[in-house]
Amino acid sequence: MAVVVESRSRTSDWLRRYGVPELVGTGAAMLAAWAADGAGAPLVAVAYTAAVGENVGFYGTIVVREVAAHHRDASARGERYDGWHLWRTIRGLLLEFGPAELLDSLVLRPLAMGLGVRFLGRQVGVIAGKLAADVSFYLPVILTYELRRQAARRARP
């Protein structure tokens, strides 16, 4: 029973952390693909534009949320959120997302979106490609996130 509750708790935590950024990223991907398609861009450009749009929406949301949370934490400790705090925020995000993001942005996501658009059309293909790429992206991201959480728990007094 404890495993089920812990699993449900982790899943809820992941949804809280990644759900809204995913929705914003999906909307940005669709908007970017629509704009590139409307400009007459070739399929590969539409795929890369959609991938970039998704990254801007997703990471924009993540960064704003992380900076706000770390700013609140610093204020609660009576500290001013300064360059050192910002560096720690960025470092944490790079550790969580960096390795998976490199492979995802440069190869997997544009390929998945391109294949999706090629076989399913522009609208459905972007979403199908995004979902396929998300699977390969989130496996290492969630693993890294959980390792960081465990390390933070051990570091607390």
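Modeller: A helix here is a DSSP run of H or I that is at least four residues long, and the runs are numbered from the N terminus. This is a predicted model, by the way. Read from the N terminus on, its elements go α-α-α-α.

Biologist: How many helices and strands does that make for the chain?

Modeller: Four helices and zero strands. As for overall dimensions, the C-alpha atoms fill a box of roughly 55 × 45 × 20 Å along the principal axes.

Biologist: Let's take a helix pair. Why is α2 called oblique to α4?

Modeller: Helix α2 covers residues 43-76 and helix α4 covers residues 122-155, and their axes cross at roughly 55°. Roughly parallel needs an angle under 35 degrees and roughly perpendicular starts at 65, so an angle between those limits counts as oblique. That makes α2 oblique to α4. The two axes come within 11 Å.

Biologist: And which hand does the crossing of α2 and α4 have?

Modeller: Right-handed. That label is used if the near helix is turned clockwise from the far one.

Biologist: What makes the contact between α2 and α4?

Modeller: From α2 you get Leu43, Val46, Ala50, Glu54, Phe58 and Tyr59. From α4 come Arg122, Val126, Lys130, Asp134, Phe137 and Tyr138. The cut-off for contact is heavy atoms within 4.5 Å.

Biologist: How do you know which classes those contact residues of α2 and α4 fall into?

Modeller: Ala, Val, Leu, Phe and Tyr count as nonpolar, and Asp, Glu, Lys and Arg as charged. The contact then has eight nonpolar, no polar and four charged residues.

Biologist: On to the empty space. What makes a space a cavity, and how many of 30 Å³ or more are there?

Modeller: A cavity is a set of points where a 1.4 Å probe fits but cannot get out, whereas a pocket is an open set. The structure holds one cavity of 30 Å³ or more. About 60 Å³ of space lies in the largest cavity.

Biologist: Which residues line the largest cavity?

Modeller: Glu22, Glu54, Asn55, Phe58, Tyr59, Glu101, Asp104, Arg109, Asp134 and Phe137. Several of these you have met already: Glu54, Phe58, Tyr59, Asp134 and Phe137 are also in the contact of α2 with α4. Helix α2 gives the most, with four residues. By class, the lining divides into three nonpolar, one polar and six charged residues.

Biologist: What about the largest pocket: what is its volume, and which residues are closest to its centre?

Modeller: The volume is about 880 Å³. Of the 24 lining residues, Glu66, His70, Asp73, Arg148 and Ala152 are closest to the centre. α1 (2-38), α2, α3 (83-120) and α4 each supply at least two lining residues, and the largest share, seven residues, comes from α3. The class count is six nonpolar, four polar and 14 charged.

Biologist: Which residues line the second largest pocket, and why does Gly19 go down as polar there?

Modeller: Thr11, Trp14, Leu15, Tyr18, Gly19, Glu22, Tyr138 and Ile142 form that lining. Gly is in neither the nonpolar nor the charged list, so it counts as polar. The lining divides into five nonpolar, two polar and one charged. About 150 Å³ of space lies in this second largest pocket, and α1 supplies the largest share of its lining, six residues.

Terms used. Residues numbered from 1 in each chain as written. Predicted model: local features only at pLDDT ≥ 70, side-chain atom pairs only at ≥ 80, totals over all residues. Heavy atoms only, no water. Axes fitted to C-alpha atoms, helices over the stretch in contact; angles between N-to-C directions. Parallel < 35°, antiparallel > 145°, perpendicular 65-115°, else oblique. 1 Å grid on protein atoms, 1.4 Å probe; cavity = no way out; pocket = protein on both sides within 12 Å on 5 of 7 lines; lining within 4 Å. Points joined across faces, edges and corners; volume = space filled by probe spheres on them.
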